[in-house]
Amino acid sequence: PGNWNTGHSFDTTYVPWTPGSGPAHGTIGPLLTHDERMAIIEHLKVRDDEAEARPSGPIPVPSCPVVAADG
């Protein structure tokens with residue numbers, strides 16, 4: 001149980017989780033229309049997951065000790 005390759009379903013039996021509610025038995029979302037599915041696919045095509053990992057703003061430059069030319 002839990003390691004099956006059947007995945008999770010999106011169907012009309014979906015009930016949003018609330019504290020104290022029982023298990024959803026694999027149903028994780030409402031049944032989607034064809035247009036809703038296509039909108040998700042288009043979003044995934046342009047999503048940039050790497051953007052969240054990149055720092056925002058200027059990239060810090062590591063400080064390097066200055067060595068005098070005469071040693």
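Modeller: Buried means under 20% relative accessible area, exposed over 50%, and partly exposed in between (1.4 Å probe, protein chains only). This is a predicted model, in which local features need pLDDT of at least 70 and side-chain atom pairs 80 or more, while totals for chains, interfaces and linings use all residues. Residues are numbered from 1 along each chain as its sequence is written, and side-chain values use heavy atoms, without hydrogens and water.

Colleague: Why is K45 called exposed, and what is E42 called?

Modeller: K45 has a relative accessible area of 59%, so it passes the 50% limit and is exposed. E42, at 45%, lies between the two limits and therefore counts as partly exposed.

Colleague: What makes the contact between K45 and E42 a salt bridge?

Modeller: The closest N and O atoms of K45 and E42 are 3.0 Å apart, and the term asks for a side-chain nitrogen of Lys or Arg within 4 Å of a carboxyl oxygen of Asp or Glu, so the pair qualifies. Both residues belong to helix 1 (residues 34-46), three residues apart, which places about one helical turn between them. A search of the whole structure finds one salt bridge.

Colleague: How do you know which elements the chain contains?

Modeller: Helices (H or I, at least four residues) and strands (E, at least two) are DSSP runs numbered from the N terminus, and by that rule the chain has one helix and two strands, in the order β-β-α. Buried residues make up 3% of its 71 residues.

Colleague: Which element has the lowest mean confidence, and which the highest?

Modeller: On pLDDT, the predictor's confidence in each residue from 0 to 100, strand 2 (residues 27-29) has the lowest mean among the elements, 78, and helix 1 the highest, 90. The chain averages 77, with 76% of the residues scoring at least 70. Where pLDDT is low, the predicted coordinates should not be read in detail.
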